[in-house]
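Biologist: I would like to learn how to read a protein model. Can you take me through one, feature by feature?

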Amino acid sequence: MNCVSRFALFSLIFVPALLLQGQSSAPDLVLEGRVTGAQNHTYIEIPFDVPAGVHRLSVDFSYTGKEHKTALNLGVADPERFRGNSGGNKSHFTLSETDATPSYLPGAIPEGRWKLLLSVPNIRPNEVSSYRAEVRFNSSVEDQGFTTVPLATGARWYRGDLHMHTAHSDGSCASQSGKSVPCPVFLTAQAAAQRGLDFIAITDHNAGSQNNALRELQPYFDRLLFIPGREMTTFWGHFNIFGVMQYVDYRAVAHDGPDINSILRDVRAKGGIASVNHADSPGGEICMGCAWDPPTPVDMSLFTGIEVINGGRIMLSSADFWDKQLAKGYMLTAIGGSDNHNAPSAAGRPGSVGWPTTVVEASELSVAAILDGIRRGRVFVDLTGSPDKLIDIDARDITASTPEVKARTAEMGGELNAPAGNSIAFRIHLAACPRSTVHLFLDGHETPALATLVTIAGDESPSFQWTSDGHAHWLRAEVRDSNGSLTLVSNPIYINLPAH
């Protein structure tokens with residue numbers, strides 16, 4: 001059968017979905033057709049057109065007749081080159097500039113005539129197989145993560161590490177012969193899995209090449225969520241971005257060109273979030289560009305978080321910088337990151353993966369849900385990297401709690417409005433913190449008006465009351481163990497914030 005007669009066996013359907021708007025319930029194109037027994041041991045090319053402006057192409061493929069041993073193998077070619085063939089072992093693939101499903105090549109998505117490539121290793125003489133290929137452009141789900149389904153369901157606290165480096169920037173580890181070599185992504189993922197983490201972000205410096213390795217590894221690590229990340233490394237400070245796989249220009253300049261605000265707007269437009277890294281670290285030749293010191297004003301409202309604890313087993317606190325931003329009215333979520341550069345170990349010492357642990361309350365284990373938890377401030381930092389420590393805060397305006405007036409309440413990361421003179425009841429929910437002290441910080445400072453709380457068993461909810469003065473405040477907590485070492489840092493509850 002010649003090519004013309006083969007092409008007569010399919011139809012190209014343009015679905016009335018808005019192009020370039022990300023994945024929706026409807027695909028952007030549907031390719032449907034039939035394969036008959038006469039086409040056994042043939043190759044079939046199914047053309048389709050890709051418009052300009054596409055940065056990701058995803059295909060879902062299905063066909064009938066498998067119960068009768070029909071086998072259709074899948075591949076694709078762009079207008080210029082072959083992009084891959086997955087045989088019969090995949091019914092879905094995606095490819096973009098930086099990542100692709102294994103079997104397929106990452107790279108730019110050129111506009112023009114593409115071809116879905118079918119090969120027919122087996123179909124019985126009297127069989128007819130119907131196939132359907134759903135094509136999506138710029139799938140928002142796959143732009144944001146490496147899996148289209150959550151790895152776990154149900155609301156709970158999920159534990160992870162949001163700052164890690166591999167061979168795709170300056171991560172190194174010992175080779176088989178003991179030499180220091182660029183460290184493969186797999187070893188970082190394996191170390192995180194062994195630590196029992198739920199999620200990680202590989203944040204190599206100004207790089208997206210790690211995404212292709214993570215796309216390959218995610219099906220294997222089906223209990224460890226990979227969050228797309230990047231450390232945007234400028235001359236005047238570093239910040240992580242999460243949930244973005246498209247290229248983002250990191251080249252901030254001091255004058256007459258793109259600045260950090262431009263980068264942050266681009267990240268937000270692509271659906272991602274950003275957090276300032278190790279803001280209070282040394283700078284200059286000690287750590288070039290590490291300290292946060294932009295030469296032009298930065299709109300901090302474009303950030304979602306601040307890395308308050310950084311550095312693995314030798315930890316750096318940027319709580320002072322965080323409190324200064326909170327004082328200016330920016331509701332920025334405190335997160336942590338190990339900044340691990342040597343996944344398993346260095347010179348026989350345990351690696352730092354998961355120290356500290358960022359713990360996020362989310363509705364499920366998916367990139368969208370974890371990022372949403374960070375946006376909402378449902379986060380605390382566990383400096384011990386434990387599997388079970390917990391801190392949460394809730395508040396209730398008990399003056400307003402009458403049969404006539406519904407009680408005003410808030411939880412960690414949320415806001416509570418309470419007029420002057422109203423009494424607010426706070427509870428600190430703790431788990432796995434025996435013989436610890438809870439230090440309360442009002443507007444970034446401890447105050448005699450809020451006494452230190454003491455735990456005994458460690459799974460308890462100490463409470464206290466505070467009278468509102470009608471002004472704006474934020475209240476957070478830190479937990480220290482019996483040796484006085486800092487173990488947990490909460491996010492605040494915000495009180496009487498001005499409209500924003």
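**Strands, rings and spaces**

Modeller: Start with one facing pair: Ala77 stands opposite Phe82 in strand 6. Keep in mind that this is a predicted model.

Biologist: Which strand does strand 6 (residues 82-87) pair with, and how many bridges join them?

Modeller: Strand 5 is the partner, and 4 bridges join the two. They run antiparallel. A hairpin of 4 residues leads from strand 5 to strand 6.

Biologist: Which other strand pairs with strand 5?

Modeller: Strand 8 (residues 112-122) does, in the antiparallel sense, over 6 bridges. For a facing pair there, take Gly75, which stands opposite Leu117 in strand 8.

Biologist: How should I picture the side chains along a strand?

Modeller: In a regular strand, side chains alternate between the two faces of the sheet.

Biologist: Why is strand 5 (residues 71-77) called largely enclosed?

Modeller: Count its buried residues. Of the 7 residues in strand 5, 6 are buried, so the rest of the structure largely encloses this strand. Strand 7 (residues 92-96) reads in a similar way: 4 of its 5 residues are buried, so it is largely enclosed too.

Biologist: Where does strand 7 find a partner?

Modeller: In strand 4 (residues 56-63), which runs antiparallel to strand 7, with 5 bridges joining them. One of the facing pairs is Arg56 with Ser96 of strand 7.

Biologist: What does the whole chain look like?

Modeller: It has 7 helices and 33 strands. Its C-alpha atoms fill a box of roughly 90 × 65 × 50 Å along the principal axes. Of the 500 residues in the chain, 53% are buried.

Biologist: Is His41 buried or exposed?

Modeller: Exposed. The cut-off is over 50% relative accessible area, and His41 has 60% relative accessibility, so it counts as exposed. His41 lies in the loop between strand 2 (29-36) and strand 3 (43-50). For a sense of distance, the C-alpha atoms of His41 and Asp280 are separated by 65 Å, and these residues are 239 apart along the chain.

Biologist: Which residues of helix 7 are buried?

Modeller: In helix 7 (residues 367-375), they are Val367, Ala369, Ile370, Leu371, Gly373 and Ile374. Just after this helix, Gly377 takes a positive phi of about 75°.

Biologist: Now the rings. How do I describe two of them together?

Modeller: Use two values: the distance of the centres and the angle of the planes. The structure holds 14 aromatic pairs. In one of them, the ring centres of Trp292 and Phe303 are 5.7 Å apart and the planes meet at 80°, so this pair is edge-to-face. Both residues lie in the loop between strand 16 and strand 17 (305-310), 11 residues apart.

Biologist: Are Trp292 and Phe303 buried or exposed?

Modeller: Trp292 has 12% relative accessibility, so it counts as buried. Phe303 has 3%, so it counts as buried as well.

Biologist: Which residues form an aromatic cluster?

Modeller: Phe186, Tyr220, Phe221 and Phe226 form one.

Biologist: Where do charges lie over ring faces?

Modeller: Lys66 lies over the face of Tyr63, at 4.8 Å from the ring centre. Arg476 lies over the face of Phe441, at 4.6 Å from the ring centre.

Biologist: Last topic: empty space. How is it found?

Modeller: Rolling a probe the size of a water molecule over the atoms shows where empty space is left. Here, a search of the whole structure finds 2 cavities of 30 Å³ or more. The largest cavity holds about 40 Å³ of space. Helix 5 gives the most to its lining, with 3 residues. By class, that lining has 5 nonpolar, 2 polar and 1 charged residues.

Biologist: What about the second largest cavity?

Modeller: It holds about 30 Å³. Its lining includes Trp236, Pro294 and Pro295. By class, the lining residues are 6 nonpolar, 1 polar and 1 charged.

Biologist: How many residues line the largest pocket?

Modeller: There are 17, of which His92, Thr101, Phe146, Thr147 and Pro219 lie nearest its centre. About 320 Å³ of space lies in this pocket. Its lining divides into 5 nonpolar, 8 polar and 4 charged residues.

Technical notes:
Residues numbered from 1 in each chain as written. Predicted model: local features only at pLDDT ≥ 70, side-chain atom pairs only at ≥ 80, totals over all residues. Heavy atoms only, no water. 1 Å grid on protein atoms, 1.4 Å probe; cavity = no way out; pocket = protein on both sides within 12 Å on 5 of 7 lines; lining within 4 Å. Points joined across faces, edges and corners; volume = space filled by probe spheres on them. Nonpolar A, V, L, I, M, F, W, Y, C, P; charged D, E, K, R; others polar. Phe/Tyr/Trp six-rings, centres within 6.5 Å; stacked < 30°, edge-to-face > 60°. Buried < 20%, exposed > 50% of the residue type's maximum accessible area, 1.4 Å probe, protein only. Lys NZ or Arg CZ within 6 Å of the ring centre and 35° of its normal. Pairing = 2+ DSSP bridges.
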